[in-house]
Amino acid sequence: MNQAYLDGKMKKWFFFQKMILLSTVLSWLGSGMIGGGTELGVSLPQQIDAYLAAGEFSVALEAARSIADPGQRNQWFERIALAQAQAGAQQAAYQSLRYISDAQTRSQALQKVLQTPLGGAGGGVQPDFDSLIKLITSTVRPNSWSEVGGPGAVTPFPTGVLIDAQGLLQQAGAEDATGQLAALRQASRTLLLHENARRPSRLRKISLPRLEREVQLYLQSGLSLPEQMQVLAGLERIQYLFVYPEQQDLVLAGPAGPWHPDSEGHLLSDQTGLPVLRLEDLVVVFRHTLQKPDARFGCNITPTEEGLRRLREYLEQRKGRPLRPGEQSKWLAELRSRLGRQKIEVNGLDPHTRTARILVEADYHMKLIGMGLAEGVPGVRSYLDLIEAPKGMAPPPMEVLRWWFTLHYEAVLASPDHLAFALQGQGIRVLSENELLTAEGKRVHTGQAEPTNRLFAKSFTDHLEELARKYPVYGELRNIADLAVLAALIRNERLAEQVGWKAWYFLDPAGYPVAYGPAPTEVESVVNSREFNRRYILAGVSGGVWINPAELVKPGAVPHDYTGKTEQQHTAACPPANLPLESWWWD
C-alpha cells in the first residue's frame, strides 16, 4: 500500500459520528484486514474494539459477522450489545442480540443487557475519541502524523472525527453519497410488508428458529407477546415443512389470514371459521415429542369398575319392569348416580396444560354427540338414533361402547433430498369398538365394532370439517395432531441438527413459560337411553384420544414425492434475502 494511495484516501476521510469508520478504516484496510489482519498489523478483535470505542456499532457488527467460529462470534455480538446498552441504545442492543445463534447464550446476554445502566448525557452514544485516535495513529502509517513531524492530523469534532493528510478540517455535506439512507428507507418499506399478519395468504411461511428468538427477546425483556406470535401469524393448517441448511432455517408453511376470538376463547380464522394454530400448543407438543423416548400422547375417559358393577346390579333389579309414563328422567338420573363419575387420565402431556385440556374436551364432547346429549350436524346422528329394532324384536343388550380419536393422514410425503415434507389428509378420525361388560363390572375388549357403532364413527369422521366449524374444539385437536406430526418429522429426520437449531428456549421448562391450570381428573358419566318396542335400551361409552406420530413418519413410512411439487414449493418458500432481521414470517 503506497503513500500516495493513503494520502488520497485521507483527504476525503470525514464523517458524522454514526459514519466515522465506515469509509476510512474499511477503505484503508480492505477486506483482507477484516478477515484477520494485513501488513498494517491490526487484528480483527482490535478493529472491533476500536469500533466500539468510537461508538461505531453497526461497523462492529459487520466485522463480528465475519468471524468464522460460532462461539467467538456470539461472544462478540454479546459485547456489542452490552456496549450499545451502556451507551443508551437499548433497541440497537436488542438488534445485536438477534445475531446470537444460540438461544441459551442469547438468554444470558439479554439478562446482562437488561441489567446494564444506561449511558450518560441523556442516554446518547458517547464515542471514545482518544482510543480511536490512538488506534489510527499507531497502526496506519505511524510516521505520517503531526505528533511525529508528519503532515497528517487527527482531531475530535462535535459530530465525529475529521481527518486530513494536510491537516485541513472539512464540513460534511448534506448529500448521502454512500446510499445508506436510501437503503434504510427501502429496508423500512420491506419491514412494513412483513408486519401485517392479518393479511390473507395462501401459503404463509414461519421460521421456527426466528420465531423462537423473537419470542425469547419479548418475554425475557418483560414484554407481552403480540397476538400474532401467539397464533403463529394466523396459520390455519400446516401443509409443509421446509429445511434450508445454508440459511440455517427450518420453516413450516400453510394457509393463513385474519382471526377473531369467539365467546369460548377459541381464536378462529375469519376465512374458514376454524381455529388457527397456537404457539402454546407448539411448545407443549415439541417438549414431549422431541425430548421423550415415546412420542405418543393422549387421554382416556373411562367408567370405574365399581360404577359399572353397581349399574349392572341395578339393571338386573329392574329387569322386566317397564317404565311408567314420565319415569324416564328419574330412571336416567338413577343410572348416572349408580355409574358415578368417569375417570380422566392424560398420558404423555402435562394434564395442567391447555393442550391436554383440548384432548379431554374434544373426547368428552364427541361422546355427548354420540349419545344424543349434544347436537351434531347434518349427516351425523347419535348412536341411539342409528339403532334399528324391528317391531316385536328386543333391542340390543346393554354394552359399553368405545370411541376414540386417532391420527388420519392420507400421506406424509418427502422430496427426494428430504429437505421438504408435505402433510396430506384430514388429520384426525374416530374409531370404534364394542366392549363386553362382566358381572364384576370389568370391560372386555372385543377388538370389533358392530355395524351401528362403526356407522357413527364413520359419519363423525366424514363430517369432521363441519363439526369443527360448529364446535371449534375439534379443529383445535386437529391442529395439535398436525404439530405432533411436524415434531416427529423434525425428530426422526434430525432436521434441527441439520440447520443448527437447538430449540433451547422452547424445549427447556425454564425457557418459554407454559401456562398451567387445574388438571381435569373426572367428569360426569355419559349415558343415555331410548325406547324400542315399549322397552328401553341403555348405552354407556368410554374412549379417549390416541396420537402416535412416530408410526406415521418412521423410516420407510414416508414416501418420496417424485412429481416435483414439494420441491417446487421448497424453492419458492426460501427465506427472502431482504427479510428484516427481526421478521419471523413471510408470504
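Two strands are taken to pair if DSSP finds at least two bridges between them. In this predicted model, that rule applies to strands S4 and S12, where the bridge partner of Tyr240 in S12 is Ala422. A second residue of S4, Leu241, has Phe421 as its bridge partner in S12. In total, three bridges join S4 (residues 240–244) to S12 (residues 420–424), and the two strands run antiparallel.

On its other pairing, S4 meets S5 in the antiparallel sense over five bridges. Here Tyr240 stands opposite Ala253 of S5. The hairpin of S4 and S5 has four residues between the strands, and one residue in this hairpin, Gln248, takes a positive phi near 50°. These strands belong to an open sheet of six strands with antiparallel pairing, in the order S11-S12-S4-S5-S3-S18. Strand S11 (411–414) and strand S18 (585–586) stand at the edges; each has a single partner strand, so one side of each is left without a neighbour in the sheet.

The side chains of S4 follow a simple pattern. In a regular strand the side chains alternate between the two faces of the sheet. Accordingly, Tyr240, Phe242 and Tyr244 point one way from S4, while Leu241 and Val243 point the other way. Five of the five residues of S4 are buried, and the strand is mostly covered.

Two helices lie across parts of the sheet. Helix H19 (residues 473–492) lies across S4, S5, S11 and S12 and runs at about 150° to S12. Helix H10 (residues 208–220) lies across strand S3 (201–207) and strand S5 (249–256), running at about 65° to S3.

H19 also takes part in the nonpolar interior. In soluble globular proteins, nonpolar side chains tend to be buried together. The largest nonpolar core in the model has 102 residues, and those with the most contacts inside it are Phe405, Phe460, Tyr474 and Phe506. H19 supplies the largest share of this core, 13 residues. Apart from this core lies another, of 27 residues, which includes Leu52, Ala87, Ala93 and Leu110. When residues up to four places away in sequence are not counted, Phe405 touches a set of residues including Phe460, Tyr474, Leu477 and Trp546. Also among the residues touched by Phe405 are Ala362, Met366, Ile428 and Val430.

H10 was examined in further detail. At 1.5 Å a residue, the 13 residues of H10 should span 18 Å, and its end C-alpha atoms are 18 Å apart, which agrees. Eleven of the 13 residues are buried, so H10 is largely enclosed by the rest of the structure. The buried residues of H10 include Leu208, Leu211, Val215 and Leu217, and also Arg210, Glu212, Arg213 and Glu214. At the start of the helix, a side-chain oxygen of Ser207 reaches to within 3.2 Å of the backbone nitrogen of Arg210.

Residues of H10 are also in contact with a part of the chain far along the sequence. Leu581, found in the loop between helix H23 (565–572) and S18, is in contact with Arg210, Arg213 and Glu214, among others, when neighbours within four places in sequence are left aside. Gln95, Arg98 and Tyr99 are also among the contacts of Leu581. Leu581 and Gln95 are 486 residues apart in sequence, while their C-alpha atoms are 7.8 Å apart in space.

Just after H10, Gly222 takes a positive phi of about 85°. Gly222 is placed in the loop between H10 and helix H11 (227–230). At 65% relative accessibility, Gly222 counts as exposed, because the cut-off for exposed is over 50%. Gly222 and Leu114 are 108 residues apart in sequence and 9.7 Å apart in space, C-alpha to C-alpha.

Most residues other than glycine have a negative phi. Arg494, which is not a glycine, nevertheless has a positive phi of about 55°. Arg494 is found in the loop between H19 and helix H20 (495–499) and, at 52% relative accessibility, counts as exposed. Ala503 is another residue other than glycine with a positive phi, near 55°. Ala503 lies in the loop between H20 and helix H21 (504–507), and at 4% relative accessibility this residue counts as buried.

Over the whole protein, the secondary structure comes to 23 helices and 18 strands. Buried residues make up 52% of the 587 residues. Of the contacts with a separation of 6 or more, 72% are between residues 24 or more positions apart.

Definitions and conventions. Residues are numbered from 1 along each chain as its sequence is written. This is a predicted model: local features need pLDDT of at least 70, side-chain atom pairs count only at pLDDT 80 or more; totals for chains, interfaces and linings use all residues. Side-chain values use heavy atoms; hydrogens and water are left out. Contact means heavy atoms within 4.5 Å. Axes are lines fitted to C-alpha atoms, for helices over the stretch in contact, and angles run from 0 to 180 degrees between N-to-C directions. A nonpolar core is a set of buried Ala, Val, Leu, Ile, Met, Phe, Trp, Tyr and Cys residues joined through side-chain atoms within 4.5 Å. Buried means under 20% relative accessible area, exposed over 50%, partly exposed in between (1.4 Å probe, protein chains only). The expected span of a helix is 1.5 Å times one less than its number of residues. A polar contact is a pair of N or O atoms within 3.5 Å; within protein, one must be able to donate a hydrogen and the other to accept it, and residues adjacent in sequence count only if both atoms are side-chain atoms.
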